[in-house]
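Biologist: Could you take me on a close look at the charged pairs here, and then follow the chain into the strands and the pocket? I would enjoy one connected account.

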Amino acid sequence: MNINFEGKRILVTGAGQGIGRDLALRLSKYKGQVFALSKTKKNLDSLAATDPKIRTICVDLCEWDATRKAVQSVLPIDLLVNNAGVAVLAPFLDVTPDQFDLIISVNVKAVLNVSQVVAGSMIERKSGGSIVNISSQASQAALKDHSVYCASKSALDMLSKAMALELGPHNIRVNTVNPTVIMTEMGKLGWSDSEKAQSMLSKIPLGRFGEVDEVVDAVVYLLSNRSSMINGVSLPIDGGFLAT
């Protein structure tokens, strides 16, 4: 579709590794000015070494005020991807308050925080924009030992829809992508066991887990003007898992 982001300033959170890293590199390849945010400096240094055009921001998204200051420092932003996420796996009966607070803080609260700063600036500039939040199939299907993670992604889906409703009149679109298992480091944490992996694979009609590029492709599309009438959707990238 010959998508080009030349002249666009793009913020990607959780860009130090996994989907976020590949996404930052792709968006830069498509001529966007990418700002890559992560709390891990060594990952950002590696990313910048791979593509020196990418600017890096090192901040912990759990720190509300520090995050706002960091995001404000790179305004204006035209396109935003809230990719950062954490998964702490535990049986429901064993979940601790600290685990709950961490997951909700990163997967939901940080999205609210970053998006408030970016969208507020978009509204002031009357520029419009696109925001893509990285959710999960776990927002719509319960997974064993993922109780709080599932809850956080369900909350993210509905937060995104509410954002789409309120920001749409300002020509700011908000959508989520909801991948199945992608074998990043986070994916390996939950699904490296072959027996457990097979139980998931058996429910995916295409019979395989997803590739990072397949998520990146969808995000690129939703950020671009090629999806200019798509707002408030949750797009499964799951090989049919949620259709079964």
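Modeller: Happily! In this predicted model, Asp-45 and Lys-41 both sit in helix 2, which covers residues 41–50, and they are 4 residues apart, about one turn of the helix. The two form a salt bridge in which the closest N and O atoms are 2.9 Å apart. As for the surroundings, Asp-45 has a relative accessible area of 39%, so this residue is partly exposed. Lys-41 counts as exposed, because its relative accessibility is 53% and the cut-off for exposed is over 50%.

Elsewhere, salt bridges that share partners join Arg-26, Asp-213 and Asp-217 into one network. Side chains of opposite charge can pair when their charged atoms come close, and the structure holds 6 salt bridges. In one of them, Arg-26 pairs with Asp-213, with the closest N and O atoms 3.6 Å apart. Arg-26 belongs to helix 1 (residues 18–29) and Asp-213 to helix 8 (residues 212–223), so this pair ties together parts that are 187 residues apart in sequence. The relative accessibility of Arg-26 is 14%, so Arg-26 counts as buried, the limit for that class being under 20%. Asp-213, by contrast, is partly exposed, with a relative accessible area of 42%.

Arg-26 also forms a salt bridge with Asp-217, and here the closest N and O atoms are 2.8 Å apart. This pair links distant parts of the chain as well, with Arg-26 in helix 1 and Asp-217 in helix 8, 191 residues apart. Asp-217 is partly exposed too, at 40% relative accessible area.

Now for the strands. Strand 6 spans residues 172–179 and is mostly covered, with 8 of its 8 residues buried. In a regular strand the side chains alternate between the two faces of the sheet. For strand 6, both faces are covered: Ile-172, Val-174, Thr-176 and Asn-178 are buried on one side, and Arg-173, Asn-175, Val-177 and Pro-179 are buried on the other.

Strand 6 also has neighbours to pair with. Strand 5 (residues 129–134) pairs with strand 6 in the parallel sense over 6 bridges, and within that pairing Asn-175 is the bridge partner of Val-132. The route between these two strands includes a helix: strand 5, helix 5 (residues 147–167) and strand 6 make a right-handed β-α-β unit. Strand 6 pairs with strand 7 (residues 234–237) as well, again in the parallel sense, over 4 bridges. In this case the bridge partner of Asn-178 in strand 7 is Pro-236.

Last stop, the pocket. Rolling a probe the size of a water molecule over the atoms shows where empty space is left. The second largest pocket holds about 310 Å³ of space. Its lining has 17 residues, and Lys-8, Leu-79, Gly-129, Leu-223 and Asn-225 lie nearest the centre. Sorted by class, the lining of this pocket comprises 4 nonpolar, 9 polar and 4 charged residues.

Key: Residues numbered from 1 in each chain as written. Predicted model: local features only at pLDDT ≥ 70, side-chain atom pairs only at ≥ 80, totals over all residues. Heavy atoms only, no water. Buried < 20%, exposed > 50% of the residue type's maximum accessible area, 1.4 Å probe, protein only. Pairing = 2+ DSSP bridges. Right-handed = clockwise from strand over helix to strand, strands pointing away. Salt bridge = Lys/Arg side-chain N within 4 Å of Asp/Glu carboxyl O. 1 Å grid on protein atoms, 1.4 Å probe; cavity = no way out; pocket = protein on both sides within 12 Å on 5 of 7 lines; lining within 4 Å. Points joined across faces, edges and corners; volume = space filled by probe spheres on them. Nonpolar A, V, L, I, M, F, W, Y, C, P; charged D, E, K, R; others polar.
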